[in-house]
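User: Please take me through the pairing around one strand and then through the nonpolar packing of this chain.

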Amino acid sequence: MRILMCCEFYAPSQGGVQKVIQEVAEHLVRKGHDVTVATSALPERNFTNLNGVKIKEFKASGNLVAGLRGKVNNYQDFILSENFDAVLVKAAQQWTFDALWPIIDKIKARKVHIPCGYSCLYNDNFKEYYQKMPDILKKFDHLIFYAENYRDIDFVKQHGIKNYSILPNGASEVEFRGESSNNFRKQFNIPADDIVFLSVGSPPFMKGHFEVALAYSMLNLPHNSTLILNGNYQSFENPFSNQIDGLVFRLKQKAKDLVKLLLGRSRCNLSMFFKTIKSIQKQKNKRIMILNLPREKVVSAFFHADIFVFASHIEYSPLVLYESSAAGLPFISASVGNAEEIARWTQGGIVYPVKQDGYGYAISDPEQLAMHMTELADDKSKRELLGFNGRKNWEQNYTWEKITDIYEKILAGNQYASNQKII
């Protein structure tokens, strides 16, 4: 098949959308298909082919609510002029999906769409957008959801749309099939008998790093422990640096924080984050590391940690929970996105309830999180059971190799019963 996959960002850009499309696209290439990815032009991208996947850049941006900008017409002409067998578009509320609305009836290829969560469904600015959405969705041949119950799939159910399947996310068999031989703990001077808590995600504060640090500061464990917070901190890597760049950065962040606090939109108080880190550093038997590791070392961290902790504020179907399971690492997660479903499917972790603010963002209770961290740190048998279950179920069902087999069939026109999880 000649397949076009459309997403706002793609490699070398990193993120959940990029990771899923890259995994599926490269697996489809290995199965003999001709795959092109249409995406935003990035100045740091110096290639037009990555692992057999052709990349077609367009200088376009925005969405129908904020306004489509740039060479949107070039993108539309490209889709209509090329003879693709199937077009897969990932995520609404961004230009590669919204630019199809005026031309969707002219696209002859089989059309598949992954709505990807509808993060702005409750945003008043998107009210008219979502009023029009059902008619657009009905023009697609098939829809793919990652969750059995979430705001996007509930939306299509409410509008009587039935041409969809539930196909979960997964983790890479290339990255996680073998045990990591990297001596991660030795490299970062982490004693072999430390209990290591790991949290991975960017942007760090939306992924709940402050809440994880605060919960960790409350622990009273009888043994040594280390907390690793890994994310895109960049110039924030050493927040206590006396360097001018770091000082300017902190002042800018504090100014932004102040504005958000005044508007009631703050997700994190940076000064509280710094105080929490300092309090941890003063406690005996505890250590905190703030890192921005390259991908291969992030994978090693999954293998060499003892507990993955995730207090994200908003998610759809978090890949890190599948990756934690793939590494045999038990997880503790806030009830965000479909974390509860992932815990049920993989049997690899624990999910704790959260409250939600007026924008639908999750608010973790650090004391509750600390209680779960303490219980799992003190129960080695439970950690081993969750880790074993997670890895076993990942190997059986949630590798990208197995998941891509289903994508291939959907793109080729196979029909799956609605409202059923395929894997």
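User: In strand 7, which residue is the bridge partner of Met5?

Analyst: This is a predicted model, in which local features need pLDDT of at least 70, side-chain atom pairs count only at pLDDT 80 or more, and totals for chains, interfaces and linings use all residues. Residues are numbered from 1 along each chain as its sequence is written, and side-chain values use heavy atoms, with hydrogens and water left out. Strands (E, at least two residues) and helices (H or I, at least four) are DSSP runs numbered from the N terminus, and two strands pair if DSSP finds at least two bridges between them. Strand 1 (residues 2-6) and strand 7 (residues 86-90) pair in the parallel sense over 4 bridges, and the partner of Met5 in strand 7 is Leu88.

User: Which residue in strand 2 stands opposite Arg2?

Analyst: Strand 1 runs parallel to strand 2 (residues 34-40), joined by 5 bridges. Together with helix 1 (residues 16-30), these two strands make a β-α-β unit that is right-handed, meaning that, with the strands pointing away from the viewer, the path from the first strand over the helix to the second runs clockwise. Opposite Arg2 in strand 2 stands Asp34.

User: Which helix gives the largest share of the largest nonpolar core?

Analyst: A nonpolar core is a set of buried (under 20% relative accessible area, 1.4 Å probe, protein chains only) Ala, Val, Leu, Ile, Met, Phe, Trp, Tyr and Cys residues joined through side-chain atoms within 4.5 Å. The largest one has 72 residues, and Met5 and Tyr407 are among those with the most contacts inside it. Its largest share, 6 residues, comes from helix 16 (residues 400-412).

How values were computed
Buried means under 20% relative accessible area, exposed over 50%, partly exposed in between (1.4 Å probe, protein chains only).
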